[in-house]
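Work through the exercises below with the sequence and the coordinates at hand. Each task is followed by a solution in steps.

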Amino acid sequence: MNISMKNINAYTIVALITLIAGLLLYITWGIRYNVWTDIGIYSITIILVLGGLIGAVLSLTFERTEEQE
């Protein structure tokens, strides 16, 4: 189970975009409304950030089969 940069594909890119979107959502929400401790924005941010992290790790650790190469 090695993480390899050779496995970057569309799933990895979508996962990283989701991760960045979660972080940007939290930062822009905090700046715009000056609310940094809100359970609502926490719940949305956690879903996006963890989804992005888990998706990126999973998409980078899958091994390619002979058919996909």
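The exercises go from the whole chain to single residues of a predicted model.

**Exercise 1.** State how many helices and strands the chain has, and what share of its residues count as buried.

Solution. The secondary structure amounts to two helices and zero strands. The chain has 69 residues, and 20% of them count as buried. Its accessible surface is about 5500 Å², with 69% belonging to carbon and sulfur atoms. For contacts between residues at least 6 apart in sequence, 70% link residues at least 24 apart.

**Exercise 2.** Which residues make the nonpolar surface patch? Decide whether Ile54 is buried, partly exposed or exposed.

Solution. The patch covers about 810 Å² and is made by Ile39, Tyr42, Ile46, Leu50, Leu53, Ile54, Leu58 and Phe62. Ile54 sits in helix H2, which spans residues 39-61. The relative accessibility of Ile54 is 49%. Exposed requires over 50% and buried under 20%, so Ile54 counts as partly exposed.

**Exercise 3.** Describe the surroundings of Tyr42, starting with its accessibility and ending with the residues that it touches.

Solution. Tyr42 is another residue of helix H2. Its relative accessible area is 32%, which means that Tyr42 is partly exposed. Patch members need over 30%, and Tyr42 is among those in the nonpolar patch. Leaving out residues up to four places away in sequence, Tyr42 touches Tyr26, Trp36 and Thr37. With Trp36 there is also a polar contact: the Tyr42 side chain reaches the backbone oxygen of Trp36 at 3.1 Å. Gly22 is 20 residues from Tyr42 along the chain, and their C-alpha atoms are separated by 9.8 Å.

Key
Residues numbered from 1 in each chain as written. Predicted model: local features only at pLDDT ≥ 70, side-chain atom pairs only at ≥ 80, totals over all residues. Heavy atoms only, no water. Patch = residues over 30% accessible without salt bridge, like charges linked within 9 Å, V, L, I, M, F, W, Y side chains within 5 Å. Areas by Shrake-Rupley, 256 points an atom, 1.4 Å probe, with all protein chains shown as cover. Salt bridge = Lys/Arg side-chain N within 4 Å of Asp/Glu carboxyl O. Helix = DSSP H or I, 4+ residues; strand = E, 2+ residues; numbered from the N terminus. Buried < 20%, exposed > 50% of the residue type's maximum accessible area, 1.4 Å probe, protein only. Contact = heavy atoms within 4.5 Å. Polar contact = N/O pair within 3.5 Å; in protein donor to acceptor, adjacent residues only side chain to side chain.
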